[in-house]
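Here is a short set of exercises to work through with the structure open beside you. Try each task before reading its solution.

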Amino acid sequence: MCTAITYQDRQDNAYFGRTMDFPLKATPWRLTYVPAGFAWQVRPSEQFLTSKYAVLGGMRLADGHYLIGDGVNEAGLACAELYFPGQVQYYETPQFYRLNLTPQDVITWLLTQHQSVAEVANNLDRLAIIAQQWYDHDIIHPFHWILSDDTGTYLIEPTNEQLSLKKAPLGILTNAPAIEQHQAKLTHLVGGEPTKERLAAFPKRLPVTRTPSNRYLRTALTLAKQPVPDHRDGILLGRKILERVQMEPLEGHDDYTHYIGVIDRTHLTYDFTDLEFEHHHRASLRHLMKKYHKPVTFH
C-alpha cells in the first residue's frame with residue numbers, strides 16, 4: 001500500500017511526501033484545511049479534542065467527522081499514517097488515567113496537539129490506542145506513523161501497548177513488516193550498511209512488485225540516486241520518486257494510489273495530486289490561516 005518519504009533541497013528546505021494507496025471508501029480523499037480551535041470528537045470516549053494548531057492535509061469526511069491520512073501543522077510538524085497489518089498490539093479496553101483513542105484518531109492527536117517530535121515523545125506515555133472502530137464503522141485498522149520536524153524523521157510502530165518513538169533510518173516508510181526488517185533486507189541487498197553512497201552506487205535495477213518490501217527497497221535506492229534539488233524543483237522531485245511506486249488499479253486488487261501528496265514543510269505548502277478524479281491543488285497553510293476560520297475542502 002502506501003509509501004512515505006522525507007528529504008531536503010540545497011537550501012535546506014524540508015519535504016514530506018506520500019502515496020495514499022488505501023482503498024476508497026464512501027467518501028473520497030481531499031486536500032483539507034482545519035483551523036486551530038476546531039473541536040474533534042474522538043473515540044472511544046467520544047470526548048472532544050480542540051486543535052491547538054491548524055492542519056493542512058489529505059483527509060476524508062466520514063459520518064460528519066474528519067479523518068486525517070497525512071498533513072502538516074502550523075508549527076511544521078508533519079505526519080502520515082500507513083498500514084501495518086499483522087504487527088500491531090492495541091489495548092482491548094479503555095485505560096484509566098490515559099488518553100484513549102482509536103487508531104484513526106492518533107494522527108489527529110499528533111498533529112493538532114503538538115508542535116514538535118520532542119513534545120510528542122514527552123506525551124506518548126499518556127496515549128492508549130484502543131482496538132475499537134472509528135465513526136465510519138469499518139474494521140479496526142492496523143497503523144504505524146511517520147513524523148518529521150526539523151530534528152529529523154521518526155516512527156511510532158505499536159508492536160506493543162507501550163508506545164515509543166524511533167528514528168526512521170533513511171527517512172522513508174512503507175507498510176509492514178517493521179522498520180528493522182526493511183532495513184535488514186536493504187542491508188543484505190547492498191552488501192553492507194545502507195549509506196547514501198552505497199545505495200547510490202548500487203548498479204542493479206530491482207523488479208517492480210506491489211509488496212511493501214519491494215517499494216521500500218526501490219524508494220531507498222531511487223532517493224539516494226537523485227541529485228539534491230534546488231528549491232524550485234523540490235516538490236517535483238518528491239512527485240517523481242512517488243510516481244515510481246504508484247500503484248495502478250488492478251482487477252481483483254482493492255489497493256491502488258488515490259493521491260500523491262508532497263509537503264514543503266519549511267514553507268507550509270501542500271501539493272496534492274488526486275489520481276482518482278484527476279485534480280491538482282497546491283495550497284499554503286499560512287495563507288489559509290489568515291483567510292479562514294472554518295474548515296476548507298478543495299474539490
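Helices (H or I, at least four residues) and strands (E, at least two) are DSSP runs, numbered from the N terminus. With that numbering, Pro44 falls in the loop between β4 (39-41) and β5 (48-50). Keep in mind throughout that this is a predicted model.

**Exercise 1: cis peptide bonds**

Task: Find which residue joins Pro44 through a cis peptide bond, then place the cis bond at Pro177.

Solution:
- Step 1. Arg43 and Pro44 are joined by a cis peptide bond, with omega at about 5 degrees.
- Step 2. The bond between Ala176 and Pro177 is also cis, and its omega is about 15 degrees.
- Step 3. To place Pro177, look at the loop that runs between β14 (172-173) and α3 (179-190).

**Exercise 2: positive phi**

Task: For Asp12, give phi, the location in the chain, and say whether the residue is buried or exposed. Then do likewise for Asp63.

Solution:
- Step 1. Asp12 is not a glycine, yet its phi is positive, near 65 degrees.
- Step 2. The loop between β1 and β2 holds Asp12.
- Step 3. Exposed means over 50% relative accessible area; Asp12 has 56%, so it is exposed.
- Step 4. Asp63 has a positive phi of about 55 degrees, again in a residue that is not a glycine.
- Step 5. Asp63 sits in the loop between β6 (55-62) and β7 (65-73), and because its relative accessible area is 54%, it counts as exposed.

**Exercise 3: the largest pocket**

Task: Describe the volume of the largest pocket and its lining.

Solution:
- Step 1. The largest pocket has about 580 Å³ of space.
- Step 2. Its lining has 29 residues, and those nearest the centre are Thr6, Tyr7, Gln8, Leu170 and Leu223.
- Step 3. Two or more lining residues come from each of β1 (3-8), β2 (14-20), β11 (143-149), β12 (152-156), α4 (196-201) and α5 (212-225).
- Step 4. Sorted by class, the lining of the largest pocket has 15 nonpolar, nine polar and five charged residues.

**Exercise 4: the second largest pocket and a residue of α5**

Task: Which element gives the most to the lining of the second largest pocket? Then characterise Ala224.

Solution:
- Step 1. The second largest pocket holds about 330 Å³ of space.
- Step 2. It is lined by 14 residues, with Arg205, Leu206, Arg218, Thr222 and Arg244 closest to its centre.
- Step 3. The element that gives the most is α5, with five residues.
- Step 4. The class split for this lining is six nonpolar, three polar and five charged.
- Step 5. Ala224 belongs to helix α5. Buried means under 20% relative accessible area; Ala224 has 9%, so it is buried.
- Step 6. Leaving out residues up to four places away in sequence, Ala224 touches Lys196, Leu199 and Ala200.

**Exercise 5: the cavity and the aromatic cluster**

Task: How many cavities of 30 Å³ or more does the structure hold? Which residues lie nearest the centre of the largest cavity, and which form an aromatic cluster?

Solution:
- Step 1. There is one cavity of 30 Å³ or more.
- Step 2. The largest cavity has about 110 Å³ of space.
- Step 3. Of its 15 lining residues, Phe22, Trp29, Leu67, Glu81 and Phe143 are nearest the centre.
- Step 4. β8 (78-83) provides the largest share of this lining, three residues.
- Step 5. Phe22 and Phe143 also appear, with Tyr83 and Trp145, in one aromatic cluster.
- Step 6. His141 touches two members of that cluster, Phe22 and Tyr83, and also Tyr90, Pro103 and Gln104, not counting residues up to four places away in sequence.
- Step 7. His141 is buried because its relative accessible area is 4%.

**Exercise 6: an enclosed helix**

Task: Why can helix α1 be called largely enclosed?

Solution:
- Step 1. Helix α1 spans residues 103-113.
- Step 2. Its buried residues include Pro103, Gln104, Trp109 and Gln113.
- Step 3. In α1, 11 of the 11 residues are buried, so the helix is largely enclosed by the rest of the structure.

**Exercise 7: charges over rings**

Task: Which ring does Arg30 sit over, and which does Lys167 lie over?

Solution:
- Step 1. Arg30 has its charged end over the ring of Phe277, 4.9 Å from the centre of that ring.
- Step 2. Lys167 lies over the face of Tyr154, with 4.7 Å to the ring centre.

Definitions and conventions: Residues are numbered from 1 along each chain as its sequence is written. This is a predicted model: local features need pLDDT of at least 70, side-chain atom pairs count only at pLDDT 80 or more; totals for chains, interfaces and linings use all residues. Side-chain values use heavy atoms; hydrogens and water are left out. On a 1 Å grid over the protein atoms alone, a cavity is a set of points where a 1.4 Å probe fits but cannot get out, and a pocket is an open set with protein on both sides within 12 Å along at least five of seven lines; lining residues have an atom within 4 Å of a point. Grid points are joined across faces, edges and corners, and a volume is the space filled by probe spheres set on the points. Ala, Val, Leu, Ile, Met, Phe, Trp, Tyr, Cys and Pro count as nonpolar, Asp, Glu, Lys and Arg as charged, and the others, Gly among them, as polar. Buried means under 20% relative accessible area, exposed over 50%, partly exposed in between (1.4 Å probe, protein chains only). Contact means heavy atoms within 4.5 Å. Rings of Phe, Tyr and Trp (its six-membered ring) pair if their centres lie within 6.5 Å; planes under 30 degrees apart count as stacked, over 60 as edge-to-face and the rest as tilted. A charge sits over a ring if NZ of Lys or CZ of Arg is within 6 Å of the ring centre and within 35 degrees of the ring normal.
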